[in-house]
Amino acid sequence: MRMASAAIAEANFDFADMARTTLGDHWRKITPQQRAQFVPLLTSFMENVYLRKLQEYSVQKVRQDVNASNISFIGQRSNGPGYAEVHSSVLLKDRPTPVKVDYLLRQDSAQWRIYDLNIDAISVMANYRNQFNRILNSDGYAALVSVLQKTSQELGSTLDK
């Protein structure tokens with residue numbers, strides 16, 4: 001399951017753009033070698049975080065949740081050449097109001113790839129940027145790399161069990 005999920009994520013998410021976004025202004029301050037190191041590190045971190053969340057659900061729970069949920073496509077909007085948003089609404093059985101999920105996409109050659117998700121108007125990448133910024137400003141790039149490596153290894157080891 002892990003290999004297939006990782007391949008799907010890598011085919012549909014633009015992790016290079018996500019890496020730039022999560023580092024914000026710090027991206028310009030790090031070296032090309034650090035950038036080359038950070039993209040796969042963030043990719044591994046994101047895959048492990050979200051694969052772990054998937055693993056926490058049993059197949060039966062996922063089926064129950066999907067059957068009890070209503071996912072609606074609301075619309076789409078162009079944000080200029082090569083950029084778009086896809087809007088959806090997810091009504092979950094245990095929430096009285098739907099969760100708004102917007103996918104921000106960028107066209108990469110002939111394929112559209114997700115570079116951010118907004119869940120109830122909160123950007124996933126902005127959330128990580130705020131967290132990473134605190135580490136970068138207080139302890140530097142090496143500390144952020146260390147935190148991401150440690151977290152990815154811990155999450156990855158629990159997925160392998």
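**Exercise 1.** State the order of the strands in the open sheet of this predicted model, and determine which strands stand at the edges.

*Solution.* The open sheet has five strands in the order β1-β2-β3-β4-β5, and their pairing is antiparallel. The edges are taken by β1 (70–78) and β5 (122–123). Each of these has a single partner strand, so one side of each is left without a neighbour in the sheet.

**Exercise 2.** Describe how β1 pairs with β2, and identify the bridge partner of S78 in β2.

*Solution.* Strand β2 covers residues 83–91, and β1 pairs with β2 in the antiparallel sense over eight bridges. To place a residue in this register, take S78: its bridge partner in β2 is A84.

**Exercise 3.** Analyse the pairing of β3 with β4 and the hairpin that they form.

*Solution.* Begin with the limits of the strands: β3 comprises residues 99–108 and β4 residues 111–119. The two pair in the antiparallel sense over eight bridges. For the register, D102 has N118 of β4 as its bridge partner. Turn next to the connection: two residues lie between the strands of this hairpin, and S109 takes a positive phi near 60 degrees.

**Exercise 4.** Follow the sheet from β4 to β5, and find the bridge partner of N118 in β5.

*Solution.* Between β4 and β5 the pairing is antiparallel and extends over two bridges. The cut-off for pairing is at least two bridges found by DSSP. In β5, S123 is the bridge partner of N118. Finally, β4 and β5 form a hairpin with two residues between them, and D120 in the turn has a positive phi of about 50 degrees.

Technical notes. Residues are numbered from 1 along each chain as its sequence is written. This is a predicted model: local features need pLDDT of at least 70, side-chain atom pairs count only at pLDDT 80 or more; totals for chains, interfaces and linings use all residues. Side-chain values use heavy atoms; hydrogens and water are left out. Helices (H or I, at least four residues) and strands (E, at least two) are DSSP runs, numbered from the N terminus.
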